[in-house]
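Please open the model in a viewer and keep the selection panel at hand. The tour below proceeds from one selection to the next.

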Amino acid sequence: MELKDSISHILANYQGHAAILIKENSGQTLYALNTTELFRSASLIKLAIAAYLNKNLSTEDLQRTLTIREKQVVAGSGVIYHLKQRKWQLMDLLDLMLSVSDNTATNVLLDYLGIEKVDQWLQQNYPEITLRRPMMSSPLKGENTLTLQSIMQLWQNLLQQSTAASTVILSALKFQDNRGKLRAWEDSSAFLGKAYSKTGELAHEEHDIVHFCLGERAIDCGVLTHFAASTERMLAIKLQQEIGWVVMEWLTES
């Protein structure tokens with residue numbers, strides 16, 4: 001069965017709202033659905049912060065030690081909030097922001113970089129991505145939003161750039177701890193390639209974006225979902241697990 005047909009078959013049994021974009025590294029689009037619709041970004045916005053940092057910070061910046069103030073510590077995803085350590089190298093905060101989606105690390109980086117500067121850079125380079133608030137804060141100045149089309153463009157550019165921060169970023173995305181969506185069957189399937197990913201979730205959103213590579217071939221797959229009731233969360237996750245399975249299977253067999 002063709003990849004497009006397999007995705008359509010999966011969607012036939014899904015009643016929620018989703019955006020899907022699957023692209024080969026050659027640039028060819030294999031599947032696209034609702035790619036220009038606006039979604040709340042959840043933790044995918046952390047990719048935008050990493051992209052800004054990747055473009056604008058030097059090796060010396062990455063090695064800088066930042067001291068976390070207690071008022072910067074927030075709960076939610078991550079580990080810093082329950083650790084005693086309060087001095088971290090910037091590169092470690094970058095790793096934690098991506099690998100365990102650490103909210104405190106993210107906010108410390110935003111304070112260091114300047115949230116307005118990051119958003120201004122996004123508006124110049126990826127105008128469909130908006131950064132308005134830190135993690136775990138009220139959207140007083142607006143919500144963090146994006147389209148799948150925009151975050152896919154940023155994602156592919158981020159993975160292709162070779163900079164001082166690239167090694168940290170790729171390692172963090174490879175070892176991201178939340179692999180329960182598009183990468184759910186990575187270890188138990190016959191897929192022998194590598195995967196790099198970033199996930200995000202809010203009360204009514206489940207998102208994931210993955211770079212699957214096998215030999216000389218690679219596929220980038222992004223899925224954004226929105227649902228009205230929390231009882232639909234598992235259905236959104238199941239949708240992404242099934243899509244991830246068929247993408248890995250297609251990449252292995254084609």
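Begin with helices α2 and α7: α2 passes α7 in a left-handed crossing. This is a predicted model. Select α7 as residues 148–160; its axis and that of α2 come within 10 Å and cross at roughly 40°. An angle of 65 to 115 degrees would count as roughly perpendicular and one under 35 as roughly parallel; α2 and α7 are therefore oblique to each other.

Now display the side chains where these two helices touch. From α2, show Leu-47, Ala-48, Ala-50, Ala-51 and Asn-54, which meet Ile-151, Leu-154, Trp-155 and Leu-158 of α7. Sorted by class, the contact of α2 with α7 comprises eight nonpolar residues, one polar residue and no charged residues.

Keep α2 (residues 45–56) on screen and add α4 (residues 90–99). These helices pack at an angle of about 150°, and their axes lie 10 Å apart. Since angles over 145 degrees count as roughly antiparallel, α2 and α4 are therefore described as roughly antiparallel to each other. Here too the crossing is left-handed, as α2 passes α4.

For the α2–α4 contact, select Lys-46, Leu-47, Ile-49, Ala-50 and Leu-53 in α2, together with Leu-90, Leu-94, Met-97 and Leu-98 in α4. Eight nonpolar residues and one charged residue make up the contact of α2 with α4, with no polar residues.

Next, hide α2 and bring in α8, residues 166–174. How far apart are the axes of α4 and α8? They are 8 Å apart, and the helices pack at an angle of about 30°. That makes α4 roughly parallel to α8. The crossing of α4 and α8 is right-handed. On the α4 side, the contact is formed by Met-91, Leu-94, Asp-95, Leu-98 and Ser-99, and on the α8 side by Val-168, Ile-169, Ala-172 and Leu-173. The class count for the contact of α4 with α8 is seven nonpolar, one polar and one charged.

Turn now to the strands. Select the open sheet of five strands, ordered β2-β1-β9-β8-β7, with antiparallel pairing. Its edge strands are β2 (29–33) and β7 (194–202), each of which pairs on one side only. From one strand to the next, the twist averages 10°.

Within this sheet, isolate β7 and β8. Nine bridges join these antiparallel strands, and a hairpin of two residues connects β7 to β8. Label Lys-198 and look across to β8, where Ile-209 stands opposite.

Then move on to β8 (residues 205–214) and β9 (residues 217–226), an antiparallel pair joined by 10 bridges. Which residue of β9 is the bridge partner of Glu-205? The partner is His-226. While the side chains are shown, recall that in a regular strand they alternate between the two faces of the sheet.

With the sheet still displayed, add helix α9, residues 233–253. Helix α9 lies across β1 (17–24), β2, β7, β8 and β9, and runs at about 10° to β8.

Finally, restore the whole protein. Its secondary structure comes to nine helices and nine strands. Along the principal axes, the C-alpha atoms fill a box of roughly 55 × 40 × 35 Å. For 254 residues, a compact globule would have a radius of gyration near 18 Å, and the protein's value of 18 Å agrees.

How values were computed
Residues numbered from 1 in each chain as written. Predicted model: local features only at pLDDT ≥ 70, side-chain atom pairs only at ≥ 80, totals over all residues. Heavy atoms only, no water. Pairing = 2+ DSSP bridges. Helix = DSSP H or I, 4+ residues; strand = E, 2+ residues; numbered from the N terminus. Axes fitted to C-alpha atoms, helices over the stretch in contact; angles between N-to-C directions. Contact = heavy atoms within 4.5 Å. Left-handed = near helix turned anticlockwise from the far one by under 90°. Nonpolar A, V, L, I, M, F, W, Y, C, P; charged D, E, K, R; others polar. Rg over C-alpha atoms; globule rule 2.2 N^0.38 Å.
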